[in-house]
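Q: I'd like to learn how to read the places where parts of a protein meet. Can we go through one together?
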4 protein chains.
Amino acid sequence: MIRAAVVGAAGYIGGELLRLLVGHPQVELVNAVSRTLRGRPVDSVHPNLRGRTRLTFSSYDQLVRSDVLFLATPHRETMRRMPEYLASARVVIDLSGDFRLPDTDVYQDYYGTPHEAPGLLGTFVQGIPELHRERLRTADRISVPGCMATAGILSLVPLARDGLIRGDITVDARTGSSGSGAKAGSENLHAERSGALRVFAPTRHRHEAEIAQATGHTVRMTATGVEAVRGVQLLCRAPLAEGVDERAVRSTYRTAYADEPFVRIVAARRGMHRFPDAKILSGSNFCDVGFALDRGASTVTVIAALDNLVKGGAGNAVQCMNVRFGEPEALGLEFTGLHPN
Amino acid sequence: MIRAAVVGAAGYIGGELLRLLVGHPQVELVNAVSRTLRGRPVDSVHPNLRGRTRLTFSSYDQLVRSDVLFLATPHRETMRRMPEYLASARVVIDLSGDFRLPDTDVYQDYYGTPHEAPGLLGTFVQGIPELHRERLRTADRISVPGCMATAGILSLVPLARDGLIRGDITVDARTGSSGSGAKAGSENLHAERSGALRVFAPTRHRHEAEIAQATGHTVRMTATGVEAVRGVQLLCRAPLAEGVDERAVRSTYRTAYADEPFVRIVAARRGMHRFPDAKILSGSNFCDVGFALDRGASTVTVIAALDNLVKGGAGNAVQCMNVRFGEPEALGLEFTGLHPN
Amino acid sequence: MIRAAVVGAAGYIGGELLRLLVGHPQVELVNAVSRTLRGRPVDSVHPNLRGRTRLTFSSYDQLVRSDVLFLATPHRETMRRMPEYLASARVVIDLSGDFRLPDTDVYQDYYGTPHEAPGLLGTFVQGIPELHRERLRTADRISVPGCMATAGILSLVPLARDGLIRGDITVDARTGSSGSGAKAGSENLHAERSGALRVFAPTRHRHEAEIAQATGHTVRMTATGVEAVRGVQLLCRAPLAEGVDERAVRSTYRTAYADEPFVRIVAARRGMHRFPDAKILSGSNFCDVGFALDRGASTVTVIAALDNLVKGGAGNAVQCMNVRFGEPEALGLEFTGLHPN
Amino acid sequence: MIRAAVVGAAGYIGGELLRLLVGHPQVELVNAVSRTLRGRPVDSVHPNLRGRTRLTFSSYDQLVRSDVLFLATPHRETMRRMPEYLASARVVIDLSGDFRLPDTDVYQDYYGTPHEAPGLLGTFVQGIPELHRERLRTADRISVPGCMATAGILSLVPLARDGLIRGDITVDARTGSSGSGAKAGSENLHAERSGALRVFAPTRHRHEAEIAQATGHTVRMTATGVEAVRGVQLLCRAPLAEGVDERAVRSTYRTAYADEPFVRIVAARRGMHRFPDAKILSGSNFCDVGFALDRGASTVTVIAALDNLVKGGAGNAVQCMNVRFGEPEALGLEFTGLHPN
């Protein structure tokens, strides 16, 4: 059994980690740390866990040594406490933003604050099994990308790597309200957020930097909050290299993802389910990727969708844990999603 | 022109008052008071008013004398400040809960705190033109009922008054999230509230007391938050008196509301719009009332719907103002609602 | 392995059966029958199954012999074809309405058509493991109740059985749009149904008869379509017998459901998750049951919630299959539901 | 009084025309034509009109001569019947797609069928008062653009006209479900459409051609159905010409729209209402336009939002009528929209 602990367990990503770890047949969940809720049952905050666990929240100083420690904690705070986290577990899987960008200048540019643990930056492996599986098998420090970044990286990297796209990429990202977290402010009240199409980051969203870094292209990303609790969908556009056609794009994706358990190519000719839609992905660990070419094949439009709390966060982290500890990669992540939903 | 002022103008009811008063051809809006937003344009908080008004928020001490003062303020605070409000305007229309229940014991029972201005209690006329139009024509102090209470009163009082029902009434009230106001807590975050069916008051909701008082019957009310921003729908059940049939019920409603501009009887035999539904009432001042009898005519099920911020609040208050100042009763309240919506 | 087949596999209940059976470790899914889609991949209709099954739809005449046959078929058609269904499988689990009401007069009264297979009526065991587990262990014909009926039966029968309630019961049922099925008409278009509070059955909903039969009380039920795809919530009211208090109600529920894997008592003193809410149950097989007493303990308000396609249909049917075939009762039904969702 | 008639009055655009015309102080609505509903009250289909009109639907052959005829009819059918429509009214305002594209080749390319009335094509004036007010004052044939096209044209034409943008434009259009009309198919059932992020036109949406024609730029547009009944939001990106900065963009918009009653520039530095959002526009005739520049000012991101049934259809048509008949341009279009909503 893998002894696992979660810090930041009262939040939405934290709760999703608890859900997946409680249901994981090879995991013993030893700690659910919350700054403020010590002693309260975790199911009082995460009611879906009623009847599934009797665990109560711990405080930081009750953190016991574990095999794997998941950090669902705010940026800045995470890098400050990282030394003690590293001391308390064999493997640390960080879901904060602090170790996603290897360049301290880029970090400062996007986060507006200097990086406070630059010496640790290079020691983290990016938590994307589809790209870094071999390194993850032995990694003791894993940094899981942002929810929109994961969708962008999985959908764009194969095209960039194979040289199918040239020039700048634009990304229109749409996201549900759970991405704002359990402590969101009044702009996330239901009355304000319901049915909204809120362009909250017209330029310079932090996840933009992660996609740029992974693809090697300039990325211009806009983020819009849409009516959904869970779910991220990206609509990306990139100019195609000379001579690239639909067949080449499809072939690149097939080669990249033929054996991947959690990436599906979704690009049908017709029907209401032609392209990736987060609506059917809630609770699942899939990232669905689709595409369409302009007439003339000058541009490819890439569509990617995932559940921001699962493949965009907790599920991806558990997948990394499975890889790291030699478990079947899909263990505990079998839920298929619902239709209709 | 009627010079009007609003206290509590940054909230949802306050904003709706501004919307209606800015569009009212016989009103000059002289003050929009907010405790915290002095000097900020009202359209920074109520973006639907962009291009319609250049008004900025005032502080309390900038309150000028007006013909009519609308109070969209919290209970307790309202009764404490009532003397100064009464001194600042010819007519005060209060939308708080403080002057809705004439009996101080009932007030204390439902609000959990003693009434602090018992001497003023009897001086307010209930702001329901359909029941008290004549008294409202000369009333200087008007207390507008709660949103769910208005729906319950308008749909149940005719039956009670005509002796068609006997015994206890049950009310299943469903309400949108705007009823919780612009300062609602984390339980009203979109991620928590979206799609919820939250029984937040299984018994003893405050509006229950208002319906009981108006009908003279014992009322058992349950309130559930449903997925909607605006809108209240009540499903009421009452035992019918001996010999009452569908025709009698219909006749009672017709008699009561034949000439009313804002109450519509909606009880069709078929179709998707058979009964009142708040979905098509957003922004309108209608209260739709429908009904169905059990086989055997032992029980009547009464359905009522309205927009909680309009007929359940600001619109009803403006209708009272029109009555009080001798304006056409529907002036400024002509919006019909949207379909589909 | 249990060889399973589904008739009516293109619908919403059918699709949910496929989801659960494909993921069930002891089931081999041998047939997914659809009248019109023969040869098409099931994941073209149920996109959540992409990557999980390569099954294609069969026509009726391709139905092979199986251990268990699930019927997600329309009423009337089901009773007409029942003899052939019974001949094609060892165990038939019927999710249609045709064998839910043992009395042919009651059937005719609620379905508006005579029962055409009265001789078979008494041969079906009601598919509610919580009430009929022992009989289900050997039952070859199982009739799964309606979604709202299941919620009503599970929440009301313990009180009725223990004599805690007296007199008539009222039920306000709220239901999501998936209950109308994949072939619903224009009244279920998104533009019409979104945000609706549609009282589509003010009286005499068919599930009313099932609850009445199970409890032995007169039931008055109203059904309202609310904004949700999945989910049913019932708000029931019943007069309490003399001397019954909150402790007695709680004790009755505890005794009834202490060892049940899929019924949870949810009745907290405070918090946003006090009472059952279908919002967190999507995809799970739970029926959550809560209650509150009026001051004076004259009436109990019972609240029940479930996912209409799971515990209200396909999940309950799979649970019955598990009981019948001696599998662990929760096998394949472990999904906990999501929060937030 | 302007005598007005509507053909296609049972649809969503038709219903919106009825709502606006019934409430218009200078209009007498003489005909509401529906192919199938002759004799039925219009409020049986458009329940928001209850109590506001007693009009019943007419058949085509009951079409009387009017001052202005609004066509909310399907493309193809519209151009075939256009000669008789032109004969029946002084002014025809067409909301179908048939007379939006002056070039028959472009029409055939986007509509997949040859134009059948090429001789009439050049006789229609584009129904955008902000661009063609003077011509509209005397126009007897007006073609109102598509909903997404209107948003694209109003937000992009000023920049194109003033030479601020160079090169190709991309448009990410998001639309609510009412755009699919009252006769939409099963892909628009609530269970399928609710919460969807459905890329239904990855390339070559018809409205793309209208924006290209108006701006003179190549346009690549993608259309996604989002969770909303009403509302369109466009996110457009275009490369900026050398030396163009934020001030220049703002100045261009200010000059273009300073005196326009229905276009608002919405581009704030902060707050939850920074950019145009259709959420607060339901029922209003506004098109809100905002923008943001990339660091380095290489690209402008333009955001536009409107209610597809109002400024994107019926409201815009009524505005054209007001211009044509010399009425105050905003008459009957005063509704501000709701917040929250």
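A: Sure, and let's start with a single pair of residues. This is a predicted model, and in it D:Asp294 and A:Arg220 form a salt bridge, with their closest N and O atoms 2.5 Å apart.

Q: How many salt bridges are counted between chain A and chain D?
A: The count for chain A and chain D is six. There are also 28 residue pairs in polar contact between these two chains, both residues of each pair being at pLDDT 80 or more.

Q: Which strands and helices of chain A supply at least two residues each to the side that touches chain D?
A: Quite a list! The strands are β7 (169-175), β8 (198-201), β9 (219-225), β10 (232-239), β12 (287-293) and β13 (299-306) of chain A, and helix α7 of chain A joins them. Sorted by class, this side of chain A has 17 nonpolar, 14 polar and 16 charged residues.

Q: How do people usually say how big an interface is?
A: The size is often given as the accessible area lost when the parts come together. For chain A and chain D, the buried area is about 3800 Å², and carbon and sulfur atoms give 52% of it. You can also count residues: 47 from chain A and 47 from chain D take part in the contact.

Q: What relates chain A to chain D?
A: Try superposing one copy on the other. A rotation of 180°, with 0.0 Å of shift along its axis, puts chain A on chain D with an RMSD of 0.0 Å. That is how a two-fold axis relates two copies. If you want to find the axis on your screen, look for A:Glu227: of the residues of chain A, A:Glu227 comes closest to the rotation axis, with its C-alpha at 2.9 Å.

Q: Through what surface do these two copies meet?
A: Compare the interface residues on each side. For chain A, 100% of them are also interface residues in chain D, so the copies meet through the same surface.

Q: Now for chain B. What rotation superposes chain A on chain B?
A: A rotation of 180° again does the job, with 0.0 Å of shift along the axis and an RMSD of 0.0 Å. Here too, 100% of the interface residues of chain A are interface residues in chain B, so these copies meet through the same surface.

Q: How much area do chain A and chain B bury between them?
A: About 1300 Å², with 58% of it on carbon and sulfur atoms. Three residues are worth picking out: A:Leu189, A:His190 and A:Ala191 supply 49% of the area that chain A buries against chain B, more than any other three residues. In the contact, 17 residues of chain A meet 17 residues of chain B.

Q: How many salt bridges and how many polar contacts are there between chain A and chain B?
A: For salt bridges the count is zero. Polar contact is another story, as eight residue pairs turn up across this interface, both residues at pLDDT 80 or more. Helix α7 (residues 190-193) of chain A gives the largest share of the side that touches chain B, namely four residues. By class, that side of chain A splits into seven nonpolar, seven polar and three charged residues.

Q: Where are the domains within chain A?
A: Interfaces can be read inside a chain as well. Chain A is divided into domain 1 (2-123) and domain 2 (147-306), and 14 residues from each of these domains of chain A take part in their contact. The C-alpha centres of the two domains of chain A lie 26 Å apart.

Q: Which residues supply 51% of the area that domain 1 of chain A buries against domain 2 of chain A?
A: Look for A:Tyr12, A:Arg100 and A:Tyr110, which supply more than any other three residues. In total, the two domains of chain A bury about 1200 Å² between them, 47% of it on carbon and sulfur atoms.

Q: What about charged pairs between those domains?
A: Three salt bridges are found across the interface of domain 1 and domain 2 of chain A. You can check A:Asp109 and A:Arg204, whose side chains meet in a salt bridge at 2.8 Å, N to O. On the domain 1 side of chain A, α1 (12-22) and α3 (104-111) each supply at least two residues, and α3(A) gives the most, with four.

Technical notes. Residues numbered from 1 in each chain as written. Chains lettered and ligands numbered in written order. Predicted model: local features only at pLDDT ≥ 70, side-chain atom pairs only at ≥ 80, totals over all residues. Heavy atoms only, no water. Domains from an automatic or database assignment. Contact = heavy atoms within 4.5 Å. Buried area = accessible area lost by both parts, 1.4 Å probe. Salt bridge = Lys/Arg side-chain N within 4 Å of Asp/Glu carboxyl O. Polar contact = N/O pair within 3.5 Å; in protein donor to acceptor, adjacent residues only side chain to side chain. Nonpolar A, V, L, I, M, F, W, Y, C, P; charged D, E, K, R; others polar. Least-squares fit on C-alpha atoms with pLDDT ≥ 70 in both.
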